Amino acid sequence: MYDAAQMIIPIGLGLTIGLILYLFLYNPSRFQIKKNINDLYLNKDVTLLYDNAIKERKEKKKLSDTIRTSEKFAAQIESADLPVSANEFLMIWGAAAILPPIFAALITQNMISAIGIGIIGFAAPLLYFMKKRNDKRNAFSLQFGDALLMISNGLRSGFSFQQAMRSVSKDMMPPISTEFKKVLNEIDYGMPQEEALKRMYLRLQNEDLKMLISALAIADKTGGNLSDVLSTISVTVRNRIKIRQEVKTLSAQGKMSSIIIGSLPIVIILIMMVMNPSYIDTLLNTGTGRMLLVIAAIMEVVGFIVMNKITDVKL
């Protein structure tokens, strides 16, 4: 049994990590574009290439439509800049949670180890998505004050608001440039400006951006000097960013402690499930053990919530 448990570690983790990396990094559209360019250089029929591209797009859309996702969930996936759509992410998530434990169960004949691998496969894509999303939101928040100042200066120079946004999309670094470029593309395709900005807020959930949307809505209804309003908002945003950074520095130790204390029991039990399933067999297969697990889970959740409330300062 111990040899089987040792064998499952490289196999199960390798399958999980390999599957996730393959599905996230492999982009068949990139290879198809290269093939189409090569075909054009070889003077092949352009009409045939166009028809094939339309056919492939329809087939891909048909595959993606097999799983329906809400607009809010799709916006969340888009906000993380993942190289997959929301539907494809759900497929990857399901595959990472189901396939590795199936292989692990077939190889080791041990359900406890398979469940441990399944939990890891289920959590890995979600944690990766949350990290990417939070990194992008933090980067956007740090750039937003400068973007408002650039828009304000553009308005003073005689630009329209959309022209000022175009300057941000061209002159600033990602992620804020790509987000404003998305807004401009949606406006160019006929979406109202306010709706396009609201969609950007839905993706990023940034309260400073909400102030900009509110200021634009008020300016459209009542008029006024928008450049001065945006300049004032820019100063406010910069001050809030400065305060956030100070609070983040002061609460970093508490947050790290809550993360370590909260995750350590979960990590230990997952390691035991994979490396030595018989060690926690009593906890899972006896009434007393299951009761202790439930009590531990409740205390874990309560402790995590309390620690998070202590270290989470709303600005």
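In which helix is the place of Ser177? Ser177 has its place in helix α8, and I shall come back to this residue shortly. Good morning, colleagues. Please bear in mind throughout that what we are looking at is a predicted model.

Let me begin with the chain as a whole. Its secondary structure amounts to 13 helices and zero strands. The pattern along the sequence is accordingly α-α-α-α-α-α-α-α-α-α-α-α-α. Of the 315 residues in the chain, 33% are buried. Among the contacts with a separation of 6 or more, 66% are between residues 24 or more positions apart.

I turn now to the pair α7 and α8. Helix α7 covers residues 161-171 and helix α8 covers residues 176-188; their axes lie 8 Å apart and the packing angle is about 140°. The angle makes α7 oblique to α8, because only angles over 145 degrees would count as roughly antiparallel. The crossing of these two helices is left-handed. On the α7 side, the contact is made by Gln162, Met165, Arg166, Val168 and Ser169. On the α8 side, the residues are Ser177, Phe180, Lys181, Val183, Leu184, Ile187 and Asp188. Sorted by class, this contact of α7 with α8 comprises six nonpolar, three polar and three charged residues.

Two residues of α8 merit individual attention. Ser177 is one of the residues that make the contact with α7. Its relative accessible area is 4%, so Ser177 is buried. With residues up to four places away in sequence not counted, Ser177 touches Val168, Ser169 and Met172. The second residue is Glu186, which is also found in helix α8. Is Glu186 buried or exposed? Glu186 counts as buried, at 15% relative accessibility, because the cut-off for that class is under 20%. Once its neighbours within four places in sequence are left aside, Glu186 is in contact with Met191, Ala196, Arg199 and Arg203.

The next topic is the aromatic side chains. How many aromatic pairs does a search of the whole structure find? The search finds four, and I shall describe two of them.

In one, the ring centres of Phe89 and Trp93 are 5.8 Å apart with the planes at 45°, so this pair is tilted. Phe89 and Trp93 are four residues apart in helix α5, which spans residues 86-108, and about one helical turn therefore separates them. Both of these residues are buried.

In the other, Phe89 is paired with Phe129: the ring centres are 5.8 Å apart and the planes are at 55°, so this pair is tilted. Here Phe89 belongs to helix α5 and Phe129 to helix α6, residues 111-156, so the pair ties together parts that are 40 residues apart in sequence. The relative accessible area of Phe89 is 1%, which makes it buried. Phe129 is buried as well, at 7%. One aromatic cluster is formed by Phe89, Trp93, Phe122 and Phe129.

Let us stay with α6 and consider its packing against α9. Helix α9 runs over residues 193-204; its axis comes within 10 Å of that of α6, and the two cross at roughly 125°. That angle makes α6 oblique to α9. The residues making the contact are Lys136, Arg137 and Phe140 of α6 together with Met200, Arg203 and Leu204 of α9. By class, there are three nonpolar, no polar and three charged residues in this contact. Arg203 appears here on the α9 side, and Arg203 is also one of the residues in contact with Glu186.

Also in helix α6 lies Ile115. Ile115 is partly exposed, its relative accessible area being 44%. Between Ile115 and Pro101 the C-alpha to C-alpha distance is 6.3 Å, and the two residues are 14 apart in sequence.

Finally, I come to Ile213, which has its place in helix α10, residues 207-222. Ile213 is buried, with a relative accessible area of 10%. Which residues is Ile213 in contact with, leaving aside its neighbours within four places in sequence? They are Leu197, Lys198 and Tyr201. The C-alpha atoms of Ile213 and Gln193 are 9.8 Å from each other, with 20 residues of separation along the chain.

To close, I return to the opening residue: Ser177 is in helix α8 and is buried. Thank you for your attention.

Terms used
Residues numbered from 1 in each chain as written. Predicted model: local features only at pLDDT ≥ 70, side-chain atom pairs only at ≥ 80, totals over all residues. Heavy atoms only, no water. Axes fitted to C-alpha atoms, helices over the stretch in contact; angles between N-to-C directions. Parallel < 35°, antiparallel > 145°, perpendicular 65-115°, else oblique. Left-handed = near helix turned anticlockwise from the far one by under 90°. Contact = heavy atoms within 4.5 Å. Nonpolar A, V, L, I, M, F, W, Y, C, P; charged D, E, K, R; others polar. Buried < 20%, exposed > 50% of the residue type's maximum accessible area, 1.4 Å probe, protein only. Phe/Tyr/Trp six-rings, centres within 6.5 Å; stacked < 30°, edge-to-face > 60°.
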